[in-house]
Amino acid sequence: MVSYQRVKITDKFYTPNRKEVPVATGVKTKRKIKVAPTTTKPYCAIAFNNGKTLTADCDTYLNFNIGDQVYIKYRGNRLTDNRRKG
């Protein structure tokens, strides 16, 4: 069983065209990273202050902002759950 980690969101990455271009650009840093292309859901990535950058369903985690303190669970490089602190 994987436990939650308390972290801070440091950047969010979005892809301009999820089917053809597997590159996402950071909102804050403008850094470019590769993400797996998908045909079902819009995937992006979220960077945390623990050094992890995890792919995530953009629609599910849209309400989380850079600077938010959150609790996360992940498997491999994919974010599986994200909750607000406290």
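1. Let's start with Lys12: a polar atom of its side chain lies 2.5 Å from the backbone oxygen of Phe64. The side chain of Lys12 also reaches the backbone oxygen of Tyr61, at 3.5 Å. A polar contact here is a pair of N or O atoms within 3.5 Å; within protein, one must be able to donate a hydrogen and the other to accept it, and residues adjacent in sequence count only if both atoms are side-chain atoms.

2. Please keep in mind that this is a predicted model, where local features need pLDDT of at least 70 and side-chain atom pairs count only at pLDDT 80 or more, while totals for chains, interfaces and linings use all residues. Residues are numbered from 1 along each chain as its sequence is written, and side-chain values use heavy atoms, leaving out hydrogens and water.

3. Lys12 has 7% relative accessibility, so Lys12 counts as buried (under 20% relative accessible area; exposed is over 50%, partly exposed in between; 1.4 Å probe, protein chains only). Residues touched by Lys12 include Ala45, Ile46 and Ile66 (contact: heavy atoms within 4.5 Å).

4. Now the two aromatic partners: Tyr61 and Phe64 are both buried. Their ring centres are 6.0 Å apart with planes at 55°, so the pair is tilted. Rings of Phe, Tyr and Trp (its six-membered ring) pair if their centres lie within 6.5 Å; planes under 30 degrees apart count as stacked, over 60 as edge-to-face and the rest as tilted.

5. Arg84 joins in too: its charged end sits over the ring of Phe64, 4.3 Å from the ring centre (the criterion is NZ of Lys or CZ of Arg within 6 Å of the ring centre and within 35 degrees of the ring normal).

Key: Lists of a residue's contacts leave out its neighbours within four places in sequence.
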